[in-house]
Amino acid sequence: MKTEKQKADGLIMLYSFTIPLLAVLMSFAFKGLTPFGGRSIISMDGFSQYYPMLMNMTEAVKNGEIFYSFSGGLGFNLWAQNAYYTNSPLWLLLYLVPHQLQALAIDLIVVLKFALSGLFFSLYLIKTGKEENYQKRFFIYTAFSVCYALSGYMLAFINQLMWTDVVVLLPLVILGMEKLFSEGKTALYTVTLFLSIWSCFYISYMVCVFLCLYFIYLAFREKHSFKEIIRKGLRFTVSSLIAGGMAGVVLLPTVKALSLTMASDMGFTDGLEIKYSLFEILSQLLPLQKVSLEYGAPNLYCSVLAVVLMTAFFFTKKVPKRERAVSFAFVTFMFISMSINLGEFIWHGFHFPNQLPARQSFLVIFLILALAVKGAENLKLKKEKVLHFASVFSAVAVIFSFISIFLANTWTSRLDSLQKYESSVQKIEESIADDGFYRMEWSGEKKNNMPQQCTYNGVCYYSSTMPADAWNFFQNLGMERYAQRVSTHYTGSQMTDDLFGIKYILSENLVFEKENERLSYEVNKDALPLGYLSEKEVLSLDLSDYKKGKEAQKALFNSIVKDGSENYDKAISYLHRNGFTITEFDTDYISGTANVEKDGVFLFSIPYDEGWTVKIDGRKAETKKVAGYLLSAEITEGDHEIELIYTVPGIEAGAVISLISLISFCVMLLIRRKKN
């Protein structure tokens, strides 16, 4: 038989899951989003990044090609991109639905995240709360769980599909942290922190910083001996390292990939200054505030009652002065670090964010709500029903504010616009029936990550994991961009079409016939193979010496074939004769043959990456970077067998770290079980 407490806790969890679920579904219905209409939550970065990347990921997994992709930038480290963008375990649900329903599935998974946020926060309160009055417990815990799930942060960043997994897991991570500190139990903390890091390395970095602060908070909240703090600190450190180590197989490759981006060189050069005033911060604690997306103060709304009860907690005499003082210091520090530019720089991984401000503000929301619950637990009123009513009113206010702002401000997209070209491109690829390696691109139109969305080999690319070399290379060649430092639009010419092996050029033809667009394509018969013989002078080429893209393109071609642009057709014929004939192709293993007429440099239209190994006639060749971006190796006259093998940089060391960490975790569990 269930006890009264168990029944109450079960209802708390049920309502904490169901109420956010229904609130978000109502918002979707009012705005005409799937499954209630023809629009989708997949917009902003979701439209141009996450959705295409999810399509690319699902297709890559089905084909067993999970390490490297040619669907953008001439090629990129897919393992690192997925670790940064699409590693959430919830995306595994996408494999259960057909491709045409995946946009709907993504929208429903977003809804599920809101419900899980409420559920896990309620679980945190149930396990750590001290309220014995079951009625009071039910109203307070349920209300604030709803407030956490429907907070201003979740509303503002609903389109950032990769961030919210960490918000969902945070209550369980903190619950595990408190169990580790008070009871010495490490399993929950280690597993949930591992899942958080695996799901989204970037936002989990902020969680890791917060956990270090939270440990200091727990250490000073109550009186502990120095010996106790050291012992608990060692347990915390070891468990954190094991959690990070278990994710090493994705963590290490991602860190290595990010070290190559433009953002890695951006340091703190500004003087210390206030980023947001006290008034701006406090105003964001009020309902019906317009969300901050491009710019603006942090998204912090989580109910006015929570702020009031947190303030009451600092003044209640039932709580020891030490705990109140340390809690106040922690909250103050979090607000100050959020309002100054140095804090913003550190919280965002030692660089300033490009729009979408204060991405760590969900940590402040968690802290406000957790302390508000403690304030409510220690608040004595003559009529407890007043607090019950206030809790219900607070939850209703948050729901109303969420729906109102969602309808007014949340960006959405038309589903038919999102999936506009998918079926047509698929039909074109089927009609082409080309078994060899080729690339496709669009003429005229700008298509963010369309190669990933429609899973063909292309050049257009938009990703925060884009190497600085890629950005500089395409900018020097005169390509357009969408987002500074992390994107390129392919605005090709006959010369780049040929050099990059773009064999099929898509063009839009009179838009719609009823609901089906018409597409046409041209065949570029001069498109070069994936590799070809070049002059040795190509190794000294610096594209930044040229002010105009057309000049840089011409210089690149002339360094490949001496004065090739003067007799273009003859030069193209020469490169074809001395080209790479592929006999076996996987995205991470390519083999073939080449018959070259003289000694020179064999140039591949593949980005230089330390993960690529080039073997010529079975011997490893020294790889060199051409034009700051392309892969090459020196070659001698004659017939040759060539192999290209890709190993994700850092994945082997990461896998070893993951295995050692997993074994260590299992050993720790066995030791603890034996002790118990």
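**Exercise 1. Surroundings of Gly46**

Leaving aside neighbours within four places in sequence, Gly46 is in contact with Tyr51, Pro52 and Asn159. The model is a predicted one. Determine which element holds Gly46, whether Gly46 is buried or exposed, and what separation its C-alpha atom has from that of Ser413.

*Solution.*
Step 1. Gly46 belongs to helix 2, which covers residues 45–63.
Step 2. The relative accessible area of Gly46 is 0%. Buried means under 20%, so Gly46 is buried.
Step 3. Gly46 and Ser413 are 367 residues apart along the chain, while their C-alpha atoms are separated by 9.7 Å.

**Exercise 2. Backbone features in loops**

Describe the peptide bond from Thr34 to Pro35. Then state the sign of phi at Ala358 and at Thr455, and establish how each of these two residues is classed by accessibility.

*Solution.*
Step 1. The bond from Thr34 to Pro35 is cis, and its omega is near 5 degrees. Pro35 lies in the loop between helix 1 (4–31) and strand 1 (39–40).
Step 2. Ala358 is not a glycine, yet its phi is positive, at about 45 degrees. This residue sits in the loop between helix 15 (341–347) and helix 16. Ala358 counts as buried because its relative accessibility is 3%.
Step 3. Thr455, also not a glycine, has a positive phi of about 50 degrees. Its place is the loop between helix 20 (450–453) and strand 6 (461–462). With 30% relative accessibility, Thr455 counts as partly exposed, since that class lies between the limits of 20% and 50%.

**Exercise 3. An open sheet**

For the open sheet of 4 strands, give the strand order and the sense of pairing. Explain why strand 10 and strand 16 each have one side without a neighbour in the sheet, and describe how strand 10 pairs with strand 13.

*Solution.*
Step 1. The order is 10-13-17-16, and the pairing is antiparallel.
Step 2. Strand 10 (531–534) and strand 16 (623–626) stand at the edges; each has a single partner strand, so one side of each lacks a neighbour in the sheet.
Step 3. From one strand to the next, the twist averages 35 degrees.
Step 4. Strand 10 pairs with strand 13 (residues 600–607) in the antiparallel sense over 4 bridges. Across this pairing, Gly531 stands opposite Phe604, and Ser534 stands opposite Val601.
Step 5. Strand 10 is covered on both faces: Gly531 and Leu533 are buried on one side, and Tyr532 and Ser534 are buried on the other.

**Exercise 4. Ser632 within strand 17**

Locate Ser632, decide whether Ser632 is buried or exposed, and list its contacts beyond four places in sequence.

*Solution.*
Step 1. Ser632 is part of strand 17, residues 630–635.
Step 2. Its relative accessibility is 0%, so Ser632 counts as buried.
Step 3. Not counting residues up to four places away in sequence, Ser632 touches Leu539, Val601, Phe602, Leu603, Phe604, Glu622, Thr623, Lys624 and Val626.

**Exercise 5. Internal cavities**

State how many cavities of 30 Å³ or more are found in the whole structure. For the largest cavity and the second largest cavity, report the volume, the lining and the contributing elements.

*Solution.*
Step 1. Rolling a probe the size of a water molecule over the atoms reveals where empty space remains. The search of the whole structure finds 2 cavities of 30 Å³ or more.
Step 2. The largest cavity has a volume of about 120 Å³. Its lining consists of 17 residues, and those nearest its centre are Gly152, Leu155, Gln289, Val291 and Tyr301. Helix 6 (152–156) and helix 17 (384–409) are the elements that give two or more residues to this lining. Helix 17 gives the most, with 4 residues. By class, the lining has 11 nonpolar, 5 polar and 1 charged residues.
Step 3. The second largest cavity has a volume of about 40 Å³. Tyr124, Tyr214, Tyr217, Arg221, Leu367, Ala370, Leu371 and Lys374 line this cavity. The elements giving two or more residues to its lining are helix 9 (201–221) and helix 16 (361–377). Helix 16 gives the most, with 4 residues. The lining of the second largest cavity has 6 nonpolar, no polar and 2 charged residues.

How values were computed. Residues numbered from 1 in each chain as written. Predicted model: local features only at pLDDT ≥ 70, side-chain atom pairs only at ≥ 80, totals over all residues. Heavy atoms only, no water. Buried < 20%, exposed > 50% of the residue type's maximum accessible area, 1.4 Å probe, protein only. Contact = heavy atoms within 4.5 Å. 1 Å grid on protein atoms, 1.4 Å probe; cavity = no way out; pocket = protein on both sides within 12 Å on 5 of 7 lines; lining within 4 Å. Points joined across faces, edges and corners; volume = space filled by probe spheres on them. Nonpolar A, V, L, I, M, F, W, Y, C, P; charged D, E, K, R; others polar. Pairing = 2+ DSSP bridges. Axes fitted to C-alpha atoms, helices over the stretch in contact; angles between N-to-C directions.
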